[in-house]
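Biologist: Can you open the model so we can go through it together? I would like to talk about the contacts between the chains and the charged pairs.

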Amino acid sequence: MDRREFLAGTAGAAGLALVPACATLPDGAARDSALARGLPFDNGWRFRRGEGEGFEIPGFDDTAWRSVDLPHDWSIEDLPAQADPERIRGPFDRDAEGTTASGYTVGGEGWYRKRFQLRRPVSGRVEILFEGMYLDSDVWLNGQLLGTHVNGYTAFAYDLTPHLSASGDNVLAVRVRNLGRNSRWYTGSGIYRHVWLDVWPEQARIERWGVGVFTRRLGKAGAEIEIDTQLRDIGAGVQVDWRVIDTKGRVVAKATQPAAAQMRQPLRIAAPKLWSIERPALYLLETDLRRGGLLLDRMQTRFGLRIVSFDAREGMQLNGKPIKMRGGCIHHDNGLLGTAAFDTAEDRKVRLLKARGFNAVRPSHNPFSPAFLEACDRRGLLVVAETFDVWRKAKEPKDYSVHFDRHWRDDLNTIVRSARHHPSIVMWSIGNEIQERDKPENLELQWLLANDVRRLDPTRPVTAAIHGLPGRPVRPSEKAARQGYADVLDASHTVFLDVVGYNYKLIDFEPDHARYPQRVFYGSESQPRDVRAMWELIERSPFVVGDFVWTAMDHLGETGIGGSVVAEPEEAKRLGAEFGSKWPWVNSFCGDIDLIGQQKPQSRVRDVVWGLSPLEIAVQRPLPEGHIEVPRGWGWSDEQPNWTWPGAEGRTLAVRVYTVGDRVELHLNGRKLDSKTLTPADFKLVEFAVPYHPGVLEAVAFRGATRIGRKRLATVGAPMSIRLAPEQSRTGARRGDLVYVLVEIVDAESRCVFDARTRIQLEIGGPAELVAFGSANPQAVGSLQSPEAQTWQGRALVILRGTGSAGHVELRAHGEGLVAGVAVLHLGNARGASR
Amino acid sequence: MEIDAPVYPPATAFELPVAVSFKPRLADMTIAELMKIPDAWAIVLQRFPVMATVIQSPLAKPNLHLITLYLVNAFRPFATPEELATLDAELQRLPSFMVLAP
């Protein structure tokens, strides 16, 4: 039986048995539970939004509560209807306490309950693992409080064993509270990541996160790795077997040792397949704990063989080859899904980033889900893993600074140990824009955090994201310094870091390199408008190993720091200088990729800067008379790859051509309008002033006499039909499998009608239900979970999930005056079609 | 090719790093430090009156002890590089614009 089928959901108060009772194991001894690691525990919960008491009591009647399957985020769900539609729109509340930071969404308190059958074992052990809940959580089993957790981004586990009922009927209750202003971005609320059960036949086991695998050496003899293993309660007569298995299922290395609490085991893998961005080869390490023929525990760890190095002269190298990090920062939400961390959604984020040429990501400013990191491993995306956004000084009144001193050490331990096996992680960041870092006690904290990370994982460098001044020149002592840097001049805020991230300090890289020539830097955050200047600097500077734009993808919250302001000059300048936009803006709108996964103007420029495209055209949206446009701090002009501007006939429009060429010709309706040359000082941009006439606008780019690119924009016709395009050709049928379908308004020639704002109604037939439906509109327009939504820039996105059984799903999309779109999807099989 | 993985071992014990004297440029002075030198700040406001508003903004205010005029200018341009260089030269001539001792 597939482990995932163990829990096929609950039916009312009766749960399915988790494991066979009294299983007889290979050694002939009866155990009251068999080994079962990683049993899914997501399905069959009951949920109630709102405060309450007594909900942890096992006998409480929760049949009136809503059924939910995890992952779940209640802040993205519609608020109870209010009389004032100007105040409440779907999940968005103009008067929300979190205001712009939370994207006008609401936290509060929520309760979850789940009934399951599992008898208390005589000699075995059962633990529950929560990958993440936002924010403060209390967990009860059968009315007994198991514990409280206050970090919304770290995983934690509880021992269920002593509290399981003798009869086997159990009730788990979880209270989650997301109260006060505790974040600068949208966090979601609830059990937003997976939950798992682990069952052991005895107490002896591999410690949670107790296996780390590190590549020590690559060479002619193969790859040398070192396996770090920690065990608990092992007793006598126990041994550990390690097996490294390749993707073809072959055992390529193995070892056996008598068990000890802490073990270091070297292995060599001949003819290794290395992990890289282009070829992210993975191996599986199986670590078995045995007593004779009895399997006490087995942990499976996916890892990759790679070595990363950083040097101010040689730059960054991956497996001996130079590399620059083409990075983007992202927050952890999944757009229309809120923060619910479905595996499909986490994987989709990585897929979208890779498609846009990103080879690195900075999950900001907290640990992301295991599913996200696994996707980075699988697809080949480097990760700068960040731990904290605050230390002791609050950025928001109720943020993690309230708990920092009591919890940072344990949380750092969890963050590093739980993720150290991921080949994608290349650095650990101990903080983002820590405001109080200049105080002497916080220089010590910088050292303590960095040192703890090095103790837990000495294979990766420590970094932090520095804004403002990096401190005064100092010299560290022999005892305190990083290895090899005693008495080397450095800046006080970075002296204990191995690699330094600079936020928005384009002008400081070169002067600071002159002052501290041993330093390796990267842009940990940069503004979209600096993409060209940033990459000119990076390409000429080995000591700057990459850059991470803020942000690669739009996120909920931090509203309106992107985009632009169009208004009369004085007001435009005033508003443009403000940090962000207030209600009804709900999304940051600063990303290269919008909320539904489509490219935005700055992304096309990045395509040219990074060599994905030799040429891109963008047309400035015509402005109302007397108005100017001021891009916001993290914004971009409203320039679009669009040549359909009704009402603008005869007006002169700014046409911007981004190219790596040295000459551009512009043609309109077959007639050459102009030709311009570019020099390096033009930073890959040339602008034309073109009187607007409908037709075909074409730009042709040359390098010398060679044509290197051609792009056309055509005036499209009136909206005629709705096109549905499923993103995946294969979809599973499980509750956690999602299907994404792009909705586009198209003309008679199937071209997307930019600026079409059409109300769409969905019909769904078959074994699927709607999870989310909406557009990339950065403003609050209503529910994200209704079968009705309006397109924006001609598009919207439907997200479905299976109801648990395979079969055909028919999705229909209707819009007034348009031919309906139809997509047929098959869940649980490869086939699907759309029209 | 033989490649050994770098290691980043923990250090032995914390000791406060020893500060090094240096003569600051304008780019090394935080806005908070400039504001503590009355005649220097008076010159800044005389040349760039907008700074009186900038230091009150929600982004700048909590970070005045970390950001410099150059960084503000990068975010919200108010001066040319030549104007900042001229200001730097003028401040360097002030007796109160001192060497930062350890």
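**Charged pairs and the chain interface**

Modeller: This is a predicted model. To begin with one pair, Arg362(A) and Glu525(A) are both buried.

Biologist: How far apart are the closest N and O atoms of Arg362(A) and Glu525(A)?

Modeller: They are 2.9 Å apart, and the two residues form a salt bridge.

Biologist: Which parts does that pair tie together?

Modeller: Arg362(A) is in strand β24 (residues 360-363) of chain A and Glu525(A) is in strand β31 (residues 521-526) of chain A, so the salt bridge ties together parts 163 residues apart in sequence.

Biologist: Which residues do salt bridges with shared partners join into one network?

Modeller: That network consists of Arg125(A), Glu127(A), Asp159(A), Asp198(A), Arg205(A), Arg208(A) and Asp233(A).

Biologist: And how many salt bridges does a search of the whole structure find?

Modeller: Over all chains, the search finds 78.

Biologist: Pick another. Where do Arg115(A) and Asp62(A) come in?

Modeller: Their side chains meet in a salt bridge, with 3.8 Å from N to O. Arg115(A) belongs to strand β6 (residues 108-117) of chain A, while Asp62(A) is in the loop between β2 (45-49) and β3 (66-68) of chain A, and 53 residues separate the two.

Biologist: Are Arg115(A) and Asp62(A) buried or exposed?

Modeller: Both Arg115(A) and Asp62(A) are buried.

Biologist: What about Glu727(A) and Arg351(A)?

Modeller: The side chains of Glu727(A) and Arg351(A) also form a salt bridge, at 3.0 Å from N to O. Glu727(A) is in the loop between β43 (721-726) and β44 (738-746) of chain A, and Arg351(A) is in helix α2 (residues 343-355) of chain A, 376 residues apart.

Biologist: Why is Glu727(A) called partly exposed?

Modeller: Because its relative accessible area is 28%, and partly exposed covers values between 20% and 50%. Arg351(A) counts as partly exposed too, at 27% relative accessibility.

Biologist: New topic. How many residues of chain B are in contact with chain A?

Modeller: 39 residues of chain B, and they contact 56 residues of chain A. The area buried between the two chains is about 4100 Å², with 60% of that given by carbon and sulfur atoms.

Biologist: How many salt bridges are there across that interface?

Modeller: The rule finds five between chain B and chain A. Arg472(A) forms a salt bridge with Glu33(B), with the closest N and O atoms 2.4 Å apart.

Biologist: Which element gives the largest share of chain B's side?

Modeller: That is α4(B), with four residues. The residues on chain B's side divide into 27 nonpolar, five polar and seven charged.

Biologist: Which strands of the two chains pair?

Modeller: Strand β28 (residues 473-475) of chain A pairs with β2(B) in the antiparallel sense, over two bridges. Arg475(A) has Val18(B) as its bridge partner in β2(B).

Biologist: Last one. Where is Glu286(A)?

Modeller: Glu286(A) is in strand β18 (residues 283-291) of chain A.

Biologist: Which side chains make polar contacts with the Glu286(A) side chain?

Modeller: The side chain of Arg243(A) does so at 2.6 Å, and that of Gln300(A) at 2.8 Å. Leaving aside neighbours within four places in sequence, Glu286(A) is in contact with residues including Trp242(A), Ile245(A) and Met299(A).

Biologist: And why does Glu286(A) count as buried?

Modeller: Because its relative accessibility is 10%, and buried means under 20%.

Definitions and conventions
Residues are numbered from 1 along each chain as its sequence is written. Chains are lettered from A and ligands numbered from 1 in the order in which they are written. This is a predicted model: local features need pLDDT of at least 70, side-chain atom pairs count only at pLDDT 80 or more; totals for chains, interfaces and linings use all residues. Side-chain values use heavy atoms; hydrogens and water are left out. Buried means under 20% relative accessible area, exposed over 50%, partly exposed in between (1.4 Å probe, protein chains only). A polar contact is a pair of N or O atoms within 3.5 Å; within protein, one must be able to donate a hydrogen and the other to accept it, and residues adjacent in sequence count only if both atoms are side-chain atoms. Contact means heavy atoms within 4.5 Å. Buried area is the accessible area (1.4 Å probe) that two parts lose on being put together, summed over both. A salt bridge is a side-chain nitrogen of Lys or Arg within 4 Å of a carboxyl oxygen of Asp or Glu. Ala, Val, Leu, Ile, Met, Phe, Trp, Tyr, Cys and Pro count as nonpolar, Asp, Glu, Lys and Arg as charged, and the others, Gly among them, as polar. Two strands pair if DSSP finds at least two bridges between them.
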